[in-house]
Protein chains: 2
Amino acid sequence: MADTVRRRITAADIAAAAGVSRATVGFVLNNTPGQTISEGTRQRVLAEAARLGYRPHRAAQTLARGRSRIVLFVLPDWPLEHNMRRYLDEAAHVLDEAGFSMVAYTRHLGDRSRPLWESLDPDVVVGFSAFDAGTVKSLRASGITKIFPQPGGRAHLPGLSAGTTLQVRHLHELGHVRLAFAESPDPRLAALNAHRLDTARRTVHDLGLGELSVHSVDYRDGTAAQAVGRWHRAGVTAVVAYNDDVAAAVTGAALRSGLSVPGDLSVVGHDDSPLAALFVPALTSVRMNSSGLGRFVAQEALHLADGRPRPSGGADVDVTLVPRDSTAPLGA
Amino acid sequence: MADTVRRRITAADIAAAAGVSRATVGFVLNNTPGQTISEGTRQRVLAEAARLGYRPHRAAQTLARGRSRIVLFVLPDWPLEHNMRRYLDEAAHVLDEAGFSMVAYTRHLGDRSRPLWESLDPDVVVGFSAFDAGTVKSLRASGITKIFPQPGGRAHLPGLSAGTTLQVRHLHELGHVRLAFAESPDPRLAALNAHRLDTARRTVHDLGLGELSVHSVDYRDGTAAQAVGRWHRAGVTAVVAYNDDVAAAVTGAALRSGLSVPGDLSVVGHDDSPLAALFVPALTSVRMNSSGLGRFVAQEALHLADGRPRPSGGADVDVTLVPRDSTAPLGA
DNA sequence: ACCGGACACTAGCGCGTGCAAGCTACAGTG
DNA sequence: CACTGTAGCTTGCACGCGCTAGTGTCCGGT
């Protein structure tokens with residue numbers, strides 16, 4: 001056998017098999033607008049392509065088109081919980097249907113490799129919240145001009161604050177008046193943390209509650225115990241936590257210092273991570289369905305890449321509060 | 001201004017600027033073996049490349065070389081904890097130094113997009129444990145021949161069972177004799193689960209302990225409570241959990257059913273996830289430093305991609321047991 | 001019978017790079 | 001002085017595909 005090394009099937013092979021030119025094959029396979037192809041030829045080409053198992057060569061397409069049809073999602077360096085998964089899944093799906101590939105990329109502190117955008121030549125780079133100046137510079141240096149959220153624009157995705165409002169409302173409905181906010185000390189979460197804190201402050205104000213008492217809570221040191229002590233002395237009866245990890249740290253510290261949860265202190269988490277249900281007591285938390293957000297962001301990316309119309313409305317992120325055992329009515 | 005649209009800098013631009021041919025530029029930048037370039041020319045080319053900010057066009061390289069220099073890591077669909085991060089970080093670093101890019105890809109059930117290997121044309125696809133038959137078929141159909149772990153070979157990475165041995169030993173040292181193993185019901189974890197269970201069985205046997213009592217524990221339903229009840233009636237005093245999530249489920253069920261942990265039941269987790277430290281009581285767990293594993297796997301991938309020598313020894317994964325509050329001496 | 005135009009296609013360039021083959025000047029050899 | 005060898009380059013093709021600028025054919029209108 002001569003060609004025991006199976007060559008790749010190219011468009012030229014299809015052309016030869018179907019008895020047409022390579023260009024025609026291209027027109028058929030890409031549904032090139034402005035080209036009229038007879039139905040017979042079209043079917044013949046498609047049949048041969050399927051029979052031979054043709055798969056276009058991405059690199060060649062990228063080179064010829066000048067665009068890679070890759071959208072790079074830069075993810076924050078925190079665990080991918082269900083939310084994030086749904087978010088990515090939906091975004092990938094929307095992009096996939098539009099002929100784009102989504103690559104998710106987690107860059108983290110201490111990363112010693114060159115960032116992926118330097119080598120992948122994505123058409124669009126999408127972040128979760130606004131990129132910091134250094135990253136933007138690196139992106140620009142790599143020749144990437146299409147960035148979402150756009151540098152200099154509004155930093156946050158729509159719909160990301162609804163959950164915090166629910167947390168505060170829930171505690172308010174239970175009769176709590178003196179609330180606290182437990183921040184995450186993680187620098188990677190600083191932007192979102194600040195955003196959630198702002199929202200909590202605004203909601204507290206709108207509901208006519210007292211000032212929020214804010215402390216940063218790290219589960220690795222004694223800050224949780226300190227914060228809980230101060231809050232207790234200050235008459236705080238309920239804590240809004242940045243996320244479930246922080247809520248767990250607060251709850252754990254309260255239990256270890258002899259306070260009961262929710263008897264002495266109600267705690268609400270955020271994100272409904274698996275941890276929330278596992279914890280003893282099970283944590284009241286906020287569940288987000290981020291599919292809508294994923295769709296929204298993907299459409300924004302397609303708009304940047306292709307000039308397609310932008311999504312008309314905002315992102316629809318539906319958010320629900322999941323009551324469990326870590327919150328109770330005041331004085332119950 | 002004529003060229004307000006900034007064209008991409010190509011090797012031809014460097015050639016023109018340095019007064020040499022395009023080929024020479026290629027030879028210099030790639031250190032092509034078998035080519036002699038005078039030091040003066042080499043420096044001139046490098047200087048111009050730096051001055052113009054040249055970045056090679058990945059797609060063009062891929063097309064010309066016939067290889068993409070991308071290694072695709074297919075990750076299991078469980079949260080990326082610290083271990084995994086270290087593993088990926090080290091692997092990415094090793095590949096990066098070799099001129100390869102690593103793309104990490106999490107495929108999960110319900111994923112509606114085409115798998116990334118269909119569009120990314122990676123040179124090598126690396127899995128965490130052996131790929132199932134369907135996936136292998138899909139990989140092959142995409143023209144991917146370089147797969148690790150090799151289909152049909154041994155399914156597991158070396159060093160992944162050391163932690164389980166530590167779990168059993170720890171309980172043995174505390175005087176426990178009747179042990180149980182808490183499995184994860186997650187089908188995605190089945191392979192690794194079975195592997196850890198086997199290891200536990202073998203270790204139990206080697207230490208001359210009684211038979212392992214095995215139950216699957218899901219935190220979403222009542223299986224944890226059932227398992228704990230049965231174990232307690234059967235005189236089991238210590239549980240080896242597949243991972244920290246399972247350990248938390250077991251511990252939670254025990255607490256809710258009135259048993260004390262570690263008083264009535266000791267529980268050891270695995271992976272040292274953040275959850276382990278947060279939980280009340282804090283979970284004894286196993287910490288792995290997976291950097292060694294990452295290096296090992298990356299070198300295997302390079303071997304497949306490039307024919308470089310394989311790593312000589314096995315993977316060195318150092319594993320330590322982190323004692324916390326969920327285990328105690330028998331009868332303490 | 002001739003022309004214009006719609007239709008259905010083809011020839012071929014360009015994308016940026018890697019690399020094989022060839023070419024030139026010059027040093028060294030007989 | 002002709003010849004060989006080699007350092008140091010250049011020429012040019014290949015990679016697979018997108019797409020512009022055509023080319024030929026058929027058909028209805030005058």
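Visitor: Which element gives the most to the surface near DNA strand C?
Guide: This is a predicted model, where local features need pLDDT of at least 70, side-chain atom pairs count only at pLDDT 80 or more, and totals for chains, interfaces and linings use all residues. Residues are numbered from 1 along each chain as its sequence is written, while chains are lettered from A and ligands numbered from 1 in the order in which they are written. As for elements, helices (H or I, at least four residues) and strands (E, at least two) are DSSP runs, numbered from the N terminus. With five residues near DNA strand C, the top contributor is α4(B).

Visitor: Which elements give two or more residues to that surface near DNA strand C?
Guide: In all, 27 residues surround the strand (a residue is near if its C-beta atom, placed from the backbone, lies within 6 Å of it). A:S21, A:A23, B:T10, B:A23 and B:A64 are the closest. Both chains chip in here, through α2 and α4 of chain A together with α2 and α4 of chain B.

Visitor: And over at DNA strand D, which element supplies the largest share of the surface?
Guide: There are 27 residues around this strand too, with A:T10, A:A64, B:S21, B:A23 and B:S38 coming nearest. α2 (22-30) and α4 (58-65) of each chain supply at least two residues apiece. Five residues, the largest share, come from α4(A).

Visitor: How far from the axis is the C-alpha of A:A59?
Guide: Start with the superposition of chain A on chain B: a rotation of 180° with 0.0 Å of shift along its axis does it, at an RMSD of 0.1 Å (a least-squares fit on C-alpha atoms of residues with pLDDT of at least 70 in both copies). That's how a two-fold axis relates two copies. A:A59 has the C-alpha nearest the axis in chain A, at 2.3 Å.

Visitor: How many charged residues are on the side of chain A that touches chain B?
Guide: The contact takes 39 residues from chain A and 40 residues from chain B (contact means C-beta atoms, placed from the backbone, within 7 Å). Elements giving two or more on the chain A side are α4, α5 (82-97), β2 (101-106), α6 (117-120), α11 (244-256) and α12 (274-278). By class that side has 18 nonpolar and 10 polar residues, and the charged ones number 11.

Visitor: Which are the edge strands of the chain A sheet ordered β6-β5-β7-β8?
Guide: Four strands make up this open sheet, and the pairing is parallel (two strands pair if DSSP finds at least two bridges between them). β5(A) and β7(A) pair over four bridges, and three bridges join β7(A) to β8(A). The strands that pair on one side only are β6 (213-216) and β8 (266-268) of chain A.

Visitor: Which residue stands opposite A:V239 in β8(A)?
Guide: On β7(A), A:A238 and A:V240 point one way and A:V239 and A:A241 the other, and all are buried (20 or more other C-beta atoms, placed from the backbone, within 10 Å of a residue's own). Towards β5(A), A:A238 faces A:L179. Towards β8(A), A:V239 faces A:V267.

Visitor: At about what angle to β6(A) does helix α10 of chain A run?
Guide: Helix α10 (residues 223-233) lies across β5 (179-183), β6 and β7 of chain A. Angles run from 0 to 180 degrees between N-to-C directions of lines fitted to C-alpha atoms, for helices over the stretch in contact. Against β6(A), the helix runs at about 165°.

Definitions and conventions:
Contact = placed C-beta atoms within 7 Å. Nonpolar A, V, L, I, M, F, W, Y, C, P; charged D, E, K, R; others polar. Buried ≥ 20, exposed ≤ 12 C-beta atoms within 10 Å, placed from the backbone.
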